Every structure is written in C-alpha cells, then in structure tokens.
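Hi there,

Here is the structure I promised to pass on. Have a look at it first, and then read on for what turned up.

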Amino acid sequence: MITEIEMGKAESELELGLGLSLGGGTAAAKIGGKPGGGGAWGERGRLLTAKDFPSVGSKRAADSASHSGASPPRSSSQVVGWPPIGSHRMNSLAAKSAREEEEAGKKKVNDDEPKDVNKKVQVGFIKVNMDGVAIGRKVDLNAHSSYETLAQTLEDMFFRSKPGTIGLTGQFTKPLRLLDGSSEFVLTYEDKEGDWMLVGDVPWRMFITSVKRLRVMKTSEANGLAARHQEPNERQRK
Amino acid sequence: MNYFPDEVIEHIFDFIASHKDRNSISLVSKSWHKIERCSRKKVFIGNCYAINPERLIERFPSLRSLTLKGKPHFADFNLVPHEWGGFVHPWIDALAKARVGLEELRLKRMVVSDESLELLSRSFASFKSLVLVSCEGFTTDGLASIAANCRHLRELDLQENEIEDHRGQWLNCFPETSTALTSLNFSCLKGETNLAALERLVARSPNLESLKVNRAVPLDALTRLMSCAPQLVDLGVGSYENEPDQESFVKLMDAIKKCTELRSLSGFSEVAPLCLTAFYPICENLTSLNLSYAAEIQGNHLVRFIQFCKRLQRLWILDSIGDKGLEVVASTCKELQELRVFPSDLHDEEDNDTAVTEIGLVAISAGCPKLHSILYFCKQMTNAALITVAKNCPNFIRFRLCILEPNKPDHTTSQSLDEGFGAIVQACKGLRRLSVSGLLTDKVFLYIGMYAEQLEMLSIAFAGDTDKGMLYVLNGCKKMRKLEIRDSPFGNAALLADVDKYRTMRSLWMSSCEVTLGGCKRLARNAPWLNVEIINENENNDLMERNEEDEREKVDRLYLYRTVVGARKDAPPCVTIL
C-alpha cells in the first residue's frame, strides 16, 4: 500500500525510479515527483490492475509474481494504454522486441543454426474467441508473464459477459477455471503450424512465441486435443 | 432577402465545400437553410450518437457522401471496451430503406459487420468509395461482397482495421468488367493474398493511382505490379526482410524508375536495406514518405534514403533515425509540413543513443520553415528547447508531444514543462490541436486557457494538480471541441462548473481522474441534452446491481457528448448512461 510518507520520499527523488520499472515493489516510485499530488494519487495508483501487471498491486498479482518468469523491468509501456500508440504499431514493436530477445537467446546457443523463416513472432494483441459467443475479443500477451494471469484476464473478459444487444450469449454462473480442466471450458490455442493445442503444456515463453490465436472451447469438444507432450526439438521448423 | 432564384443560390452554394461553412450558411435564414439542406451532398458526423440516421436523411435528402466517427479517440489505446458501440449497421439500413443515392461512405472507429458490407454493396447502385479507418468486426467475406456487387467502385481504402482474414478469394470477386478502380488499400490484411488476382486487377485498372498492398506481397510480385501500373502516384509496399538477389533487384529498380508519377511511399513493415535503395530513383519526387513500420531498419539507412527526398512534405518515421538523422532531415527537407516520429523501442533499457531528444526537435523547427504539424515521441525534453521551437515555428496547427515516461520533468532543470508548452501556445496563434506530456502543473493549463484561442482538441495525461487546471481550459478555450483527459487529478468541481460549456463541445473524456459517480449523476441531471456514459469494465462490474451505490465512488471512465437524440439504445452492460 502506498503511504503518504513514501510518496513524500519519492517526490524528492525526481529522477530515480520515475520510470515505470516495476522491479520488486517499487510501485511507489511510479507516482512520485508530483508536487502536492501525494494523497490524491495514492488511490489513483490503480492505473495498474492485477490483470495487466502481475508484479504490482493486488494480492492476486503478488501470488502470480512468485511463479511467473522474471520479466525484465519495463518502463512506460506497462501503463494501460500508454504510450498512446495504436495497436497496429504496438504489435509491430512487440514483434520486433520479441525477435530481438530470441536473437539474443539464440546467439548464446548456436550461431550456425539456419535462420528460421518463420521466426517472426506476433506477440502483442491476439484474438480470443469463445464457443457460444459471437464477438471475439483481443488480449495483449505483452501484459502477461504467466498462464495464470492470462487465464484470469480471459475469465474476466468472458465470464463477466451478460446477454446484451450484440449477441454475447450465455451467462456463466461458475468460474471458468480454464487451466485445470475442471470446468465446462478449456483454453486452447492455434500455433504457427495451424495445430490446436491445449494451453499450459509448454513453458510460457515458448507458448507466446508460437501462439497465433486463442479459443475458449467446450471441454466436450476438446477431447481430441489431449495434451501433446511433444519434445521441443520435434517442433522445430525446417 | 433573396434576389436570386433558388437554383442560382444553390449553384453558388455548390462552390462551398467545407462543411463548417455550409453549416454557417444554413443558419442565415429559413430559405437558405432549405436550399442548403436540399442541395447538400456531403455530410460529416463527428459522433455517430449525436444524431440518428432518420433525422439525417430527413434533413439531407440529396446525401451522396457520409462520414461517420464512432468510438472516442482513446479507443485506439485500448481504453474503450470492444463492445462499447459505434455500429454502422443501423445507418446503412436506414439509408438503404430511404433509397438514398449513397456514393461514398467513410467510417472511423466504427463496428462494421459482414452483413453491413453486404447490405451496403446491394443497396446503392452508384456506390463508389468506401474508406474504413480503425474499424473492426468484419472479415474478408465482407470485402468480397463489396468487390463483387459495387459495379462502380472506385475506391476501397482500408486503414489500420481489424479484419479477420479468411484467406478467401475476395480479390477474385472483382468482376472482369471492373476497370474503374482509382484507389485500393488493403495493407492491414494479415493473411495471404491471391497475387494472380491482384495482378489481373491492377492490369485492368488504368486509372489506379493509389495502391497499398499488404505484407504478403513479395518482391517479384511488387515488381510486376509496378510494371503494369507506372501511373501510380501513391504506393504502399509489403514486407521485404530478405535482401533481393541481383536479378530481382535490377528488375525492381527498373520498374520503380518507370513510376515517374510516384509521390507517396509507405508500407515497409520490414525492409532489408538493399531493398530500400531500389527506390532511390524516385526519391526526389516524393512528397510523402511513411517508413514508420520498418522497425528493423537502422537509422543510417533511413538517413541515406531521406537525403535524396528533397521535396518531402510529409514524413512519418521511427525514432531510430536519431537526432543526427533529424538534423539531416532539417537540412534536406525544406518543404516539410508534417512530421511524425514514433518510438521504435518501448523498453527502457540502456541509454539509447539512437533515440530522439529535444535536440532533434529543435533542429527540425529551425530547418523546416513550413512545418505546421508534428507528432513527436521522445524520452526527454526541456523548456529551453520548447521555447526555441516556439520561436522558430509559430505556424503550428497541430503540436503533439509525447514524452514516454509520465511525469518526466525537464531533464536539465528538473522543473515542470509548463513554461515550454506555455511558449508553444503563446507563439502558435493558429494552434488547433495539442497533446501535452511530461511533468506539468496547473500552470500549463493557465497558459493554454489564456493563449490557445483556436484550440479545438486537447489531450492531457498525467498532468495538473487541482481542478483549477481543467477549469482554466474550459473557461479559456472558446473553440474547444474535444477534450480528453486521463490520469489527472480533476474532479467534480471542474466537471460541473459550467455545464453549458459542453453544448459547444463535441465530447469530453475523463479516465482515472477524480470525478465521482455522484458528480456525474448531477451533471446528467443538469444537462439532459448530454449523454453521460460511465464505462466500468473491471472487477466490480455490477455497479448498478449493488444495493447501495456509493456516490463517492470514483468513476473509472467517463465519456460525455452532446446529442439531439437522447440516450442510445445499443449500449453494452459495461456502459451506464446516466
């Protein structure tokens, strides 16, 4: 919880930590530096919701932070809708940085590997459809670092839907619990090879580099998609 | 008094194209109102919920061209839920039923369905032009209907839409007899393109002036396209991350050399440096260049390219060009009118030497006397720089500065940027659009209210201290039409101070501010001619279902706009209209 005293301290440190670098618990720093704006801003810190920023804020986020991969601290891109760049551009930037990270990773491993023609990664906003719901949604994969937060976001997106004028159907009376196979729905994704897979089988980072789109599928229909335990090298492309 | 017969007056009115002027004309007298409205061909509706299609048709029976805007601007940054609204279907339906002779439809931030496109394509025999910007909800099937059924289609321009690509054969749906195309832009489509169909279409469209393809059109196809359309004026290319081989390169360059009419170049979602050099022959003719999607390309290649573009009037580029690159632009592009510099890297890692700073901005302002519009993303700024820019360029109409880190002060003095922006509004007497950023107190708004007399659109984020800030703007900027504010400490006092002000504005957006539900309710009561919408998509969605509503509850997102048709009926559950 951000207290007034912490705000005061942060105020005098105009330079430090004003970037929205969210390394362990320095959330206070984000809002510092505004003369006289302490108290009012303390509450408005909810810019960052648990859904979007797993390492800050509510207890739910704190839980997932402990088992999410350590994402490198980011800056202004972590505030919802900031910087004010349209999603087309955001996607193209995200794809570029994902490529760079992949390159950095690959360099350490094997420089002689032939370049992967399909190495382009569309990390960023991807479409999500749910069985029985006419209108698809989009989710920003950049804002997540674990399956749990992604599932929670999707749950909020579709679970909260009520019958409306644009054809969203169905009212779900129990939580979707997309990841543990215990509910009526499962979360699946289409990978770059066009195969539909159950979400959750592969490490998160591998998942986000191969996911093309998501689908919340009825468990009954998903039986054919028993989790495929493919070894990573089986899925290498030509 | 009219000394002329109506037909003569109508003919005179034909020369008045600007809708603002035509709106003024219609206020002169009843007779002029009637003549004007019966002869009006083009109508612009900035907010589709301010009026309804029936009343539009009633007033303007001769309507030929309609422009509609739906979602508020901040929808571009995911601050508006997808299901918020802005459906075009009722409009097309009403126009079809009334047998309006619609020829042109331009939509921005609206929800368009395949059914709507199908209905559109079948209802208007003379339909010529469809322009969709930042729309969503349709697929390539909808495009197929347009292609197949609009016999006289001249323009199909799709900019930054979310289109589900069914990889169908929509390009094949243009009949062989269709030869009237002047403009085709499908750059936002993500899927494969039927190259053969595209080439045939281009080959039989001798009037094609503007062609913007998507990423899936490879280099050899581009070469063939350019070869059969050397008359192109405006070209958007695909994605070319691999260097071309010698033969392909030569062919490409030959094709490009023949396009002597080419003035505008865009696309390049990736482009290998060698590929870019193939375009050198036409650089000196270019007036518009958009390289802002080429995230991979390094600044030096960009600079080398731009050095040849002496006639540029419009440049959209990435900040990888760097301050040095902008200095080159400043010394080369003396005709420059509009500049946009987008960020190429959102991760705040090491000090990025190649990003742009205040130095680049000052250089541009000093070197480009005709500059009037700028959108500049940067990591740092100073008051001194802004003051210099203001002195160099008093002709700004649009000035949008986005310092990536919220609340960042002047990096040399650690002060707020009030003085810098103050200098801008004071010097630029014709300023119509302004976006501010960085560390800002109420003072900047005092300056804006005092000096920005022509300001119509203002975007505020993470700025100000108290309600006074917003009040300065509302009281001072007489021409304000669109005000959008996020994450700033403005509350009910500012919102409610002058309710009649909103009569003169199109809309107000406030998100993550201090306004409460009680304040919004009071506003809605005092201003029944406004739609006051509360958008609440998050955890506690059941705002209206709780037994006790807490009027002190802060409103997450508020969007209000004037309207003559009352509360809309198509709002989703997450939107409450007070």
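Let me start with a cysteine in chain B. Cys368(B) is buried, with a relative accessible area of 0%. Please keep in mind here, and throughout, that this is a predicted model.

**Cysteines**

Searching the whole structure for disulfides gives zero over all chains. Cys368(B) is accordingly in no disulfide, and the nearest cysteine sulfur, that of Cys333(B), is 6.5 Å away. For a disulfide, the two sulfur atoms would have to be within 2.5 Å. Cys428(B) is another one to look at: with 1% relative accessibility, this residue also counts as buried. Why is there no bond from Cys428(B) to the closest cysteine sulfur? Because that sulfur, in Cys393(B), is 7.5 Å from the one in Cys428(B), which is too far.

**The sheet in chain A**

Over in chain A, five strands make up an open sheet with mixed pairing, and their order is β2-β1-β5-β3-β4. At the edges are β2 (137-140) and β4 (196-198) of chain A, each of which pairs on one side only. From one strand to the next, the twist averages 35°.

Strand β3 of chain A is worth a closer look. It covers residues 185-191 and is joined to β4(A) by three bridges, the two strands running antiparallel. Towards β5 of chain A (residues 211-218), β3(A) has seven bridges, and this pair is antiparallel too. Thr188(A) is a handy place to see both partners: Leu198(A) stands opposite in β4(A), and Arg215(A) stands opposite in β5(A).

How enclosed is β3(A) by the rest of the structure? Largely, because seven of its seven residues are buried. Both faces are covered. On one side the buried residues are Phe185(A), Leu187(A), Tyr189(A) and Asp191(A), while Val186(A), Thr188(A) and Glu190(A) are buried on the other.

If you check backbone torsions, go to the hairpin of β3(A) and β4(A): four residues lie between the strands, and Gly194(A) there takes a positive phi near 90°.

**An annotated stretch in chain B**

Finally, an unreviewed UniProt entry places the feature "domain: F-box" at residues 4-43 of chain B. In the model, that span is 62% helix and 5% strand, and its end C-alpha atoms lie 25 Å apart.

Happy browsing, and best wishes!

How values were computed. Residues are numbered from 1 along each chain as its sequence is written. Chains are lettered from A and ligands numbered from 1 in the order in which they are written. This is a predicted model: local features need pLDDT of at least 70, side-chain atom pairs count only at pLDDT 80 or more; totals for chains, interfaces and linings use all residues. Side-chain values use heavy atoms; hydrogens and water are left out. Two strands pair if DSSP finds at least two bridges between them. Axes are lines fitted to C-alpha atoms, for helices over the stretch in contact, and angles run from 0 to 180 degrees between N-to-C directions. Buried means under 20% relative accessible area, exposed over 50%, partly exposed in between (1.4 Å probe, protein chains only). UniProt positions are given in the numbering used here, feature names are shortened, and annotations may be inferred rather than shown by experiment.
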